[in-house]
Amino acid sequence: QVQLVESGGGLVQAGGSLRLYCAASGRTLSSYAMGWFRQPPGKERAFVAAISKIGGSTNFAGSVKGRFTISRDNAKNTLYLQMNSLKAEDTAVYYCAARTLLTSSNYVATAAKEYGSWGQGTQVTVSS
């Protein structure tokens, strides 16, 4: 089973940028379609972005489209989330996840139930 560790979160002013990292160990990252989710205070976990095994396909939540970019470096076993033009409503704990079921190369998973391995999360706080 793959283990995931997020990093890169922190406090940033509205309009600023952050880059989140998700380091995978135990299994090669290229075996998994990957995703980012977030959980704001007092709310449920929600989909942010997802990417296929080899990075050819991506999907974004409407609230982040055009501001966030998801990418992966399978050689470095690392998933990224570049977040630009941050808003106060982006404040949340951000989680990366790996889809552990058999998946075609270009499949993008957007539902939390499709993912079997999760990191512990990293806090992102955007001050207005």
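Modeller: Welcome! Accessible areas here come from the Shrake-Rupley method with a 1.4 Å probe. For the protein chain of this predicted model, the accessible surface comes to about 6100 Å², and carbon and sulfur atoms hold 48% of that.

Colleague: Thanks! What share of the residues counts as buried?

Modeller: Buried means under 20% relative accessible area. In the protein chain, 46% of the 128 residues count as buried.

Colleague: Which secondary structure elements should I look for?

Modeller: Look for strands: the chain has eleven of them and zero helices. Read along the sequence, the pattern is β-β-β-β-β-β-β-β-β-β-β. The radius of gyration is 13 Å, close to the 14 Å from the globule rule for 128 residues, so the chain is as compact as a globular protein of that length. Its C-alpha trace spans about 40 × 25 × 25 Å along the principal axes.

Colleague: And how many disulfides are there?

Modeller: A disulfide is a pair of cysteine sulfur atoms within 2.5 Å. By that rule there is one disulfide: Cys22 pairs with Cys96, with their sulfur atoms 2.0 Å apart. Cys22 sits in strand E3 (residues 18–25) and Cys96 in strand E9 (residues 92–99), so the pair ties together parts that are 74 residues apart in sequence.

Colleague: Are these two cysteines buried or exposed?

Modeller: Cys22 counts as buried because its relative accessibility is 0%, and Cys96, at 0% too, also counts as buried.

Colleague: What is the handedness of the disulfide?

Modeller: The torsion about the S-S bond of Cys22 and Cys96 is about 60°, so this disulfide is right-handed.

Notes. Residues numbered from 1 in each chain as written. Predicted model: local features only at pLDDT ≥ 70, side-chain atom pairs only at ≥ 80, totals over all residues. Heavy atoms only, no water. Helix = DSSP H or I, 4+ residues; strand = E, 2+ residues; numbered from the N terminus. Buried < 20%, exposed > 50% of the residue type's maximum accessible area, 1.4 Å probe, protein only. Rg over C-alpha atoms; globule rule 2.2 N^0.38 Å.
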